[in-house]
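Reader: I should be grateful for a close look at the aromatic residues of this model, followed by the core and the local features that surround them. Please set the account out as one connected description.

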Amino acid sequence: SNENEIITRFMRGGFWRNYFSKYSESNRMNKRMIYASNIFDRFKFKRNKDKIKEDKEIALDYLLQGQCNCPYWHGTFGGLYLNNLRHATYSNLIKSTSISEKNIYGENYFIKKNIDFDMDGRDEVIISSEKETLIFHSLSGSLIEWDLKKENPINLIDTLKRREEAYHISAMRNTNNDNQNEGHVSIHEIAKKVDEKIAKYLVFDKNEKVFGVDHFLNKMPSAEEFQLLQYEENAKFFETHYKIIENKIDKNFATIIFNKEEKVNGKNINLIKKYIIDSNGGFSLEVNLENKSKEDIEFVYALENNLTLLAGGENDRYYIGDNKRISENLSDAGEFAGKTFGMTDEAYIKIKILIEAEEETIFLYMPNYTISDAVDKLEMNYQNSTVVCLKKINLKPNEKKYYKIKVDTKNI
């Protein structure tokens, strides 16, 4: 109505801190910056003060570069939706933290911290060494950050959830309407449309796009079905917080064990999820499933893992299965049956990410595309790749079964 149009004129914009509430990725990046700042504040002046002063100035410079506002929010321009901007921020924060940690803890450190990293009222577990930093979250017992610190630093879980935006609604409304705004309009008022080529990808995620999200499905999905959320979820593990039942570290390994009991198709399943982090890099993940009901149960266990090597359309980045190239680039989607699956970047980060299963596994792989506002149009951006490990499970009453993978990186 005309009355509503008058009111909505004054309802654009808002307070930028609201982005931390709407976008968990923005919140995590901001809290990563605060974490880097807090570590920097603990810089120690020991011997060789001139060298330490130089290191501190370099760490501060990286920290300030990591505070550039652009990737922390999203408006008419890409901002948070542009993974190259987020990558630059994470890279600078990782560099700053690495210098500060080496100053505080010395050479060859391997440490654990229990802190409320993202300030959600629950503690996260941070494992950090000279080579890597991993941050574990109670939501689905997941890994929310995996930083490689050497050479060309990157957060391998710098990903983005697909969310419904106000401009999606407007664009869908305009798709079948050829009338554009007449006269002079601002860039905020241009009538955008959804291109037919990208309309199929306008779907919105139920869970965070992180590593180690637990799904329980009725049947084996295809890569496209999983990508477009065309599958039936039979439990709520993906959206519930797990309890940490073990959390320890020694000089070689750190162990974090999560536990959750939930219903799958109305029957109780107890899930124990065990991460073992190697001080030399990489980690293993073992999932134990126990049928706590008095009836047989059958389901497909799907372990969703989201990882990024940035430019998905470049042909120097691709998927590998049993150490053979199986795709043109990371924008491809498909299925691979085997024990070892991975992603390769030959040119920029120059690494392989390898997921090795103990048993034959069906790996689904697919790009995660977001559709975002870009001044005069909506554009589709590659955010990350989703790799899903699938296993059919049949459990009799009180029976237990487990699934285990080992995850690591190799320099090229």
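Author: Buried means under 20% relative accessible area and exposed means over 50%, with partly exposed in between. At 37% relative accessibility, Trp73 therefore counts as partly exposed. The model in which this residue is placed is a predicted one.

The aromatic pairs come to a count of 22. One of them joins Tyr19 and Trp73, whose ring centres are 6.2 Å apart and whose planes stand at 70°, an edge-to-face arrangement. This pair links distant parts of the chain, since Tyr19 belongs to helix α2 (residues 18–22), while Trp73 lies in the loop between α4 (49–65) and α5 (83–105), 54 residues apart. Phe237 and Tyr242 make another edge-to-face pair, with 6.3 Å from centre to centre and 90° between the planes. Phe237 and Tyr242 are both buried. Beyond these pairs, one aromatic cluster is formed by Phe136, Trp146, Phe211, Phe258, Tyr275 and Phe283.

Two aromatic rings also have a lysine over them. The charged end of Lys31 sits over the ring of Phe20, at 4.4 Å from its centre. Lys206 lies over the face of Phe238, and here the distance to the ring centre is 5.4 Å.

Phe238 leads on to Asn207, a residue in the loop between α7 (196–199) and β6 (211–217). Leaving aside neighbours within four places in sequence, Asn207 is in contact with Phe238, as well as with Lys161, Val213, His215 and Glu304. With Glu304 there is also a polar contact of 3.2 Å between the side chains. Asn207 has a relative accessible area of 4% and therefore counts as buried.

The aromatic residues lead next to the nonpolar core. In soluble globular proteins, nonpolar side chains tend to be buried together. The largest nonpolar core of this model holds 91 residues, and those touching the most other members are Phe136, Trp146, Leu289 and Phe299. Strand β15 (residues 351–373) supplies the largest share of this core, with eight residues. A further core lies apart from it and has ten residues, including Leu217, Phe226, Val300 and Met366. Phe136 and Trp146 are thus named both in the aromatic cluster and among the core residues that touch the most other members.

Leu289 may be followed outward from the largest core. Neighbours within four places in sequence aside, the contacts of Leu289 include Phe216, Ile269, Leu271, Phe299, Tyr301, Ile393 and Leu395. Among the contacts of Leu289 are also Asn270, Glu399, Lys400 and Lys401.

Phe299 is touched as well by Lys392, which has contacts with Met220 and Val300 when residues up to four places away in sequence are not counted. Lys392 is part of strand β16 (residues 378–395). With a relative accessibility of 58%, Lys392 counts as exposed. The C-alpha atoms of Lys392 and Ala302 are 8.8 Å apart, although the two residues are 90 residues apart in sequence.

The helices deserve a short account of their own. Helix α3 (residues 24–40) has 17 residues, and its span from first to last C-alpha is 24 Å, close to the 24 Å expected at 1.5 Å a residue. Of the 17 residues of α3, 14 are buried, and the helix is mostly covered. Helix α5 has 23 residues and reaches 31 Å, close to the expected 33 Å. Asn83 is placed in α5. Its relative accessible area of 13% makes Asn83 buried. Outside the nearest four places in sequence, Asn83 is in contact with Asp158, Leu310, Tyr382 and Gln383. After α5 comes Gly106, with a positive phi near 80°.

Positive phi values also occur in residues other than glycine. Ser140 has a phi of about 60° and lies in the loop between β3 (132–137) and β4 (142–148). With a relative accessible area of 1%, Ser140 is buried. Glu151 likewise has a positive phi, near 50°, and its place is the loop between β4 and β5 (154–155). Glu151, in contrast to a buried residue, is exposed, with a relative accessible area of 70%.

Conventions. Residues are numbered from 1 along each chain as its sequence is written. Side-chain values use heavy atoms; hydrogens and water are left out. A nonpolar core is a set of buried Ala, Val, Leu, Ile, Met, Phe, Trp, Tyr and Cys residues joined through side-chain atoms within 4.5 Å. Buried means under 20% relative accessible area, exposed over 50%, partly exposed in between (1.4 Å probe, protein chains only). Helices (H or I, at least four residues) and strands (E, at least two) are DSSP runs, numbered from the N terminus. Contact means heavy atoms within 4.5 Å. The expected span of a helix is 1.5 Å times one less than its number of residues. A polar contact is a pair of N or O atoms within 3.5 Å; within protein, one must be able to donate a hydrogen and the other to accept it, and residues adjacent in sequence count only if both atoms are side-chain atoms. Rings of Phe, Tyr and Trp (its six-membered ring) pair if their centres lie within 6.5 Å; planes under 30 degrees apart count as stacked, over 60 as edge-to-face and the rest as tilted. A charge sits over a ring if NZ of Lys or CZ of Arg is within 6 Å of the ring centre and within 35 degrees of the ring normal.
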